[in-house]
Amino acid sequence: MPKRILSGTVTSDQNEQTITVLVERRFTHPQMKKTVRSSKKYRAHDPLNQFKVGDIVRIEECAPISKSKRWHVVVEASA
């Protein structure tokens, strides 16, 4: 089964080897037919501490690294 890859913005890089990524998705509401924005934060593994707040990154799901980390950074997405 293929691993999910999401794109989002780094919102926090204060922890060692960990970044927090805000992923936003847009969808049409089934009844109202209006575009709705929904966002979720994921914690991703960044072993080299190379990503800073505001960077746009792509994350891929992986085996659990810690209690809250189930994603790792694939590569920085070009804006």
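User: Which side chain does R4 meet in a salt bridge?
Analyst: The partner of R4 is E61, with an N to O distance of 3.6 Å. A salt bridge here is a side-chain nitrogen of Lys or Arg within 4 Å of a carboxyl oxygen of Asp or Glu. This is a predicted model, where local features need pLDDT of at least 70 and side-chain atom pairs count only at pLDDT 80 or more, while totals for chains, interfaces and linings use all residues. Residues are numbered from 1 along each chain as its sequence is written, and side-chain values use heavy atoms, with hydrogens and water left out.

User: Where do R4 and E61 sit in the chain?
Analyst: R4 is in the segment before β1 and E61 is in strand β4, so the salt bridge links distant parts of the chain, 57 residues apart. Strands are DSSP runs (E, at least two residues) and helices are too (H or I, at least four), numbered from the N terminus.

User: Are those two buried or exposed?
Analyst: Neither term fits, because R4 is partly exposed with a relative accessible area of 45%, and E61 is partly exposed at 24%. Buried means under 20% relative accessible area, exposed means over 50%, and partly exposed is in between (1.4 Å probe, protein chains only).

User: How many salt bridges does the structure hold?
Analyst: Three. E24 pairs with R26, the closest N and O atoms being 3.6 Å apart. E24 also meets R37 in a salt bridge, at 4.0 Å from N to O. R37 lies in strand β3 and E24 in strand β2, so that pair ties together parts 13 residues apart in sequence. E24, R26 and R37 are therefore linked in a network of salt bridges.

User: How accessible are E24, R26 and R37?
Analyst: E24 is partly exposed, with a relative accessible area of 40%. R26 is exposed at 57%, and R37 counts as exposed at 57% relative accessibility.

User: Switching topic. What does the secondary structure look like?
Analyst: Zero helices and five strands. From the N terminus the order is β-β-β-β-β.

User: And what does the C-alpha trace span?
Analyst: About 45 × 30 × 25 Å along its principal axes. The chain has 79 residues, and buried ones make up 24% of them.

User: How many charged side chains, positive and negative?
Analyst: The chain has 15 positive and 8 negative side chains, and the centres of the two sets lie 11 Å apart. Lys and Arg count as positive, Asp and Glu as negative, and His and the chain ends are not counted. The place of a charge is taken as NZ of Lys, CZ of Arg, CG of Asp or CD of Glu.

User: Which side chain of opposite charge is nearest to K69?
Analyst: D46, at 9.2 Å; K69 is buried yet has no salt bridge. K69 is in the loop between β4 (56-61) and β5 (71-76).

User: What does the K69 side chain join in a polar contact?
Analyst: The side chain of T18, at 3.0 Å. A polar contact is a pair of N or O atoms within 3.5 Å; within protein, one must be able to donate a hydrogen and the other to accept it, and residues adjacent in sequence count only if both atoms are side-chain atoms. On the backbone side, the nitrogen of K69 lies 3.4 Å from a polar atom of the S66 side chain. S66 is in the loop between β4 and β5, and S66 is partly exposed, with a relative accessible area of 35%.

User: What else does K69 touch?
Analyst: Not counting residues up to four places away in sequence, K69 touches Q17, T18, R43, A44, H45 and P64. Contact means heavy atoms within 4.5 Å.

User: Back to D46. Buried or exposed?
Analyst: Buried, at 1% relative accessibility. D46 is in the loop between β3 (35-45) and β4. Leaving out residues up to four places away in sequence, D46 touches Q17, T18, I19, F51 and V73. A polar atom of the D46 side chain lies 3.3 Å from the backbone nitrogen of F51.

User: Q17 has come up twice. What is its phi?
Analyst: Phi of Q17 is near 60°, a positive value in a residue other than glycine. Q17 lies in the loop between β1 (5-12) and β2 (18-28), and Q17 counts as partly exposed at 32% relative accessibility.
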